[in-house]
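Could you walk me through this structure, starting with a sheet and ending with a few buried side chains? I would like the cut-offs spelled out along the way.

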Amino acid sequence: MMLTTTSKQYDEARLGFQRRDPHRPEVIFPVTSADEVQDAVRYAVDNDLRIAVQASGHGVTEGIDGGVLIATGGFNGVTVDAERRTAWIEAGATWRDVVAATAPYGLAPLSGSYPGVGAIPYTLGGGLGLMARRYGYAADHVRRIEVVTADGVRRNAEEDPDLFWALRGGGGNFGVVTGIEVELFDVPTIFGGSLYFDLAEYPEAPEVWREWTRSVPEEVTSAIAILPVPDIPQVPEPVRGKYIGQLQLAILGDRGEELIAPLRAIGTPAIDTVGVMPYADSGQIFAEPERPDAYSSRNVLLDDLDALKTLPGPAAEQMHVIAIRHLGGALARQPEVPNAVGHRDAAYSLTVITTDTQLQRKILAPWSAVGRFLNFSYDKLTPEEIAEAYDDYDRLLELRRRYDPDRRLWANHQI
């Protein structure tokens with residue numbers, strides 16, 4: 001099936017979670033199989049059109065204007081091989097789809113904090129998830145990739161070491177991925193949730209978390225979100241209208257309470273959701289909004305958090321979320337089969353989410369970045385800024401020229 005601008009389903013098919021600059025394609029192919037993906041790419045080649053791909057549409061930085069949009073949401077099957085501890089994930093599956101398929105076997109993927117994100121685009125960008133410090137990036141545990149390259153040829157990427165290296169971390173610049181096989185882990189439950197501290201009452205909470213991260217074991221993956229919470233009825237009363245530090249915790253093993261004792265010593269949180277939960281409920285840990293919205297974000301990778309005291313506080317003129325994630329552990333190690341993910345020596349990731357780009361730049365100005373992570377960058381970046389995400393950008397550029405010489409692919413971040 002092919003949709004045009006006059007089709008009734010056109011708007012529904014083109015709009016994703018990110019509504020700031022949605023796609024405006026000439027035609028849309030809502031695909032349900034790898035064959036249909038290949039047909040859509042060949043249509044674009046035959047008609048000399050550019051190609052964008054959208055699963056959930058969380059990471060759209062700049063919508064395509066004209067061209068072909070391959071909408072993969074209906075191509076979302078997941079097949080689990082419990083004996084081999086792997087899952088085959090089709091192009092449009094979200095982490096919610098994958099976790100629902102793996103949980104009955106007591107197995108878990110390296111899924112992200114929000115279950116509605118497309119599993120494949122997340123993984124192609126690297127994938128920084130709930131068990132990242134223990135197992136590394138999602139891209140580190142990909143065994144197979146099936147991809148249709150920009151010439152309309154379907155390939156098994158693992159048979160081509162250069163292509164396999166580039167796809168795992170290089171995003172959507174090298175082809176339209178129709179499926180990936182990923183490793184699964186024996187994690188039926190996880191200790192996690194959030195401690196929401198009113199920063200007017202406990203201003204030391206971010207600094208206590210920072211010090212705590214210096215010594216925690218790899219079983220601990222954590223983050224802090226700092227934000228002014230709107231004073232509206234839809235928000236839980238304990239945090240309504242307050243400036244909140246949300247400590248987000250995901251811990252493997254049975255020492256969770258012991259490990260978070262220094263955080264509980266801060267004081268009484270406004271809300272406490274921490275405890276043992278089935279991994280299938282792990283989306284509750286970060287408790288991120290589920291409503292599509294228009295937003296922008298910029299990310300930097302850091303060696304340390306020395307500029308914590310420069311954050312704007314509740315006096316900031318615009319709504320904003322400052323999201324800081326603790327890195328290190330397995331994230332710092334190359335996988336057995338190396339990939340394109342860069343800056344593994346970074347200690348923290350800092351992302352500023354807001355509609356006010358001037359506020360973004362003001363918040364980020366005091367920080368000394370060592371790179372950036374593109375999965376958390378929801379804005380159009382310059383080529384120089386995109387290059388800052390990688391250790392070997394020249395190799396990625398050469399491979400982009402090899403696999404997409406006409407630059408037909410409209411990736412979220414163009415290499």
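The paragraphs below take up a sheet, a pocket and then three residues.

A word on the ground rules: this is a predicted model, in which local features need pLDDT of at least 70 and side-chain atom pairs count only at pLDDT 80 or more, while totals for chains, interfaces and linings use all residues. Residues are numbered from 1 along each chain as its sequence is written, and side-chain values use heavy atoms, with hydrogens and water left out.

Let's begin with the sheet. Helices (H or I, at least four residues) and strands (E, at least two) are DSSP runs, numbered from the N terminus, and two strands pair if DSSP finds at least two bridges between them. Four strands form an open sheet with mixed pairing, in the order S1-S2-S4-S3. At its edges are strand S1 (3-4) and strand S3 (51-54), each pairing on one side only. Strands of a sheet pair through backbone hydrogen bonds, either parallel or antiparallel. S1 runs antiparallel to strand S2 (residues 27-30), with 2 bridges; here Leu3 has Ile28 in S2 as its bridge partner. S2 and S4 are parallel and share 4 bridges, and S3 is also joined to S4 in parallel by 4 bridges. Ala71 in S4 is a handy landmark: Pro30 stands opposite it, and so does Gln54.

In a regular strand the side chains alternate between the two faces of the sheet. In S4, Val68 and Ile70 on one side and Leu69 and Ala71 on the other are all buried, where buried means under 20% relative accessible area, exposed over 50% and partly exposed in between (1.4 Å probe, protein chains only). Helix H2 (residues 34-46) lies across S2, S3 and strand S4 (68-71), at about 175° to S4. Such angles run from 0 to 180 degrees between N-to-C directions, with axes fitted to C-alpha atoms, for helices over the stretch in contact; contact means heavy atoms within 4.5 Å.

Now for some empty space. The second largest pocket holds about 280 Å³. Among its 16 lining residues, Asp140, His141, Glu183, Pro335 and Glu336 are the closest to its centre. Helix H5 (132-135), strand S7 (142-148) and helix H6 (161-170) each supply at least two lining residues. A pocket is an open set of points on a 1 Å grid over the protein atoms alone, where a 1.4 Å probe fits, with protein on both sides within 12 Å along at least five of seven lines; lining residues have an atom within 4 Å of a point. The volume is the space filled by probe spheres set on the points, which are joined across faces, edges and corners.

Helix H5 also contains Arg133, which is buried at 5% relative accessible area. Polar atoms of the Arg133 side chain lie 3.1 Å from the backbone oxygen of Val216 and 2.9 Å from that of Leu327. Both are polar contacts (N or O atoms within 3.5 Å; within protein, one able to donate a hydrogen and the other to accept it, with sequence-adjacent residues counting only if both atoms are side-chain atoms).

Arg344, in the loop between strand S16 (321-326) and strand S17 (348-354), is buried at 8%. Its side chain reaches the backbone oxygen of Arg333 at 2.8 Å.

Finally, Gln360 sits in helix H10 (residues 357-364) and is buried, with a relative accessible area of 0%. A polar atom of the Gln360 side chain is 3.4 Å from the backbone oxygen of Val352.
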